[in-house]
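Biologist: I should be grateful for a close look at a single part of this model. Please treat the metal site in detail, and add whatever is needed on the sheet described alongside.

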Amino acid sequence: MIIVMRMGATEAEINEVSRRLADLGLRAHPIYGEKRTVIGAVGEGRFPDRESLEALPGVERVIPILEPFKLVNRAVNPAGSIVRVGDVPIGGEEVVIIAGPCAVESWPQLISTARAVKAAGARILRGGAFKPRTSPYSFQGLGKEALELLARARQATGLPVVTEVLSVRQVELVAQYADALQIGARNMQNFELLREVGRQNKPVLLKRGLSATIEEWLMAAEYIASEGNQQIVLVERGIRTYENTTRSTLDVSAVVVARGLTHLPILVDPSHAAGRRDWVAGLGRAGIAAGADGLMIEVHPNPQEALSDGPQALTPEMFAELMRALRPLVLAVGRTLAPAATVPDQGQVTPVAAGALEGLGLSG
Ligand code: PEP
Ligand code: MN
């Protein structure tokens, strides 16, 4: 159930509600909104009757939640939540574009992509440091070195960075560098990992599992929220169906359905759904039309040479063209898109030396 506090309810009143819930063996999750606080009550304890809670000072009303996902339920914040990645709000009026290579391969590859996508209007840089590959013999990512390159690209461009965390062991390290932690499709039901990122004070981008239902996806988000981290962004990236022309089938209905079920922002990743670069723009447009809060798109300066997901990577020119084509669509759905930016030329590009970033305050 959720307890909606009155506008201006005091800290003492909120604490008193939390204490009553704790007495019944329930956990209270106060969620501080701009106007009022709501308290999510979850757990296996005994749920009190509504009237007794509604009689407490500061309580406006109590809403029972029937669905199994409670804290991420739309009822908790019917207006929809905004999640900030660095200084970029996701879930507001602006449609946010995240772009970058599948994997960080080198400094020149990363910085040239970062500059190009920023110039075209991307707001957040992506790039895998640890890659979940189907084959153990495929490129697994540059690891810590890639994290340092991402931090340096953030410094050079001002773009916040998102990168995937594959295991519980990596969370602490990745959280030192990234502005947001990505949970990949293959890890969507790695419950230990979900709990661990739920204990971090970093936004989480949660990809939908390859064969996960919408409810399982929302329950995965609930795992993160139940540990205290409410900064979650859902990413629809296509699911496995009998169709095999595309790499996955972009489930546009999931955007529409999830929008009604949860207050969390929702992005669409047309790159992994399409698997082929010439289909990415069309699927991206479908995502925006369905109401997505943004897109995540793979871009590579030279896709033929990419160490992972080359066939689906857009060239910087294709990405700029996609951004131009998105603009009228974004306006048509009543939202905004960041303008193309000018990126200062940082002069000659040199590879980053190991440890060169220490002490520069680039972590976090
Ligand atoms: C990725 O974003 O590069 C990735 C591996 O995505 P997914 O987990 O959706 O396959
Ligand atoms: Mn990829």
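Modeller: The metal site is described below, followed by the sheet. The model is predicted, and every value given here is computed from it.

The manganese ion (ligand 2) has four kinds of protein donor atom listed by residue: Cys102 through SG, His272 through NE2, Glu298 through OE and Asp309 through OD. These donors lie 2.1 to 2.4 Å from the manganese ion. Along the chain, the donors follow the spacing C-x169-H-x25-E-x10-D. Glutamate 298 belongs to strand β14 (residues 294–298), whereas aspartate 309 sits in the loop between β14 and α11 (316–332), so this pair ties together parts that are 11 residues apart in sequence.

The accessibility of these two carboxylate donors can also be stated. Glutamate 298 has a relative accessibility of 1% and therefore counts as buried, since the cut-off for that class is under 20%. Aspartate 309, with a relative accessible area of 16%, is buried as well.

As to the sheet, four strands form an open arrangement in the order β2-β3-β1-β4, with antiparallel pairing. Its edge strands are β2 (27–32) and β4 (59–63), each of which pairs on one side only. On average, neighbouring strands of this sheet are turned by 20° against each other, direction ignored. Strand β2 runs antiparallel to β3 (residues 37–42), and six bridges join the two. Within this part of the sheet, histidine 29 has glycine 40 in β3 as its bridge partner.

Methods: Residues numbered from 1 in each chain as written. Chains lettered and ligands numbered in written order. Predicted model: local features only at pLDDT ≥ 70, side-chain atom pairs only at ≥ 80, totals over all residues. Heavy atoms only, no water. Pairing = 2+ DSSP bridges. Axes fitted to C-alpha atoms, helices over the stretch in contact; angles between N-to-C directions. Donors = N, O, S within 2.8 Å, 3.2 Å for Na, K, Ca; no water. Buried < 20%, exposed > 50% of the residue type's maximum accessible area, 1.4 Å probe, protein only.
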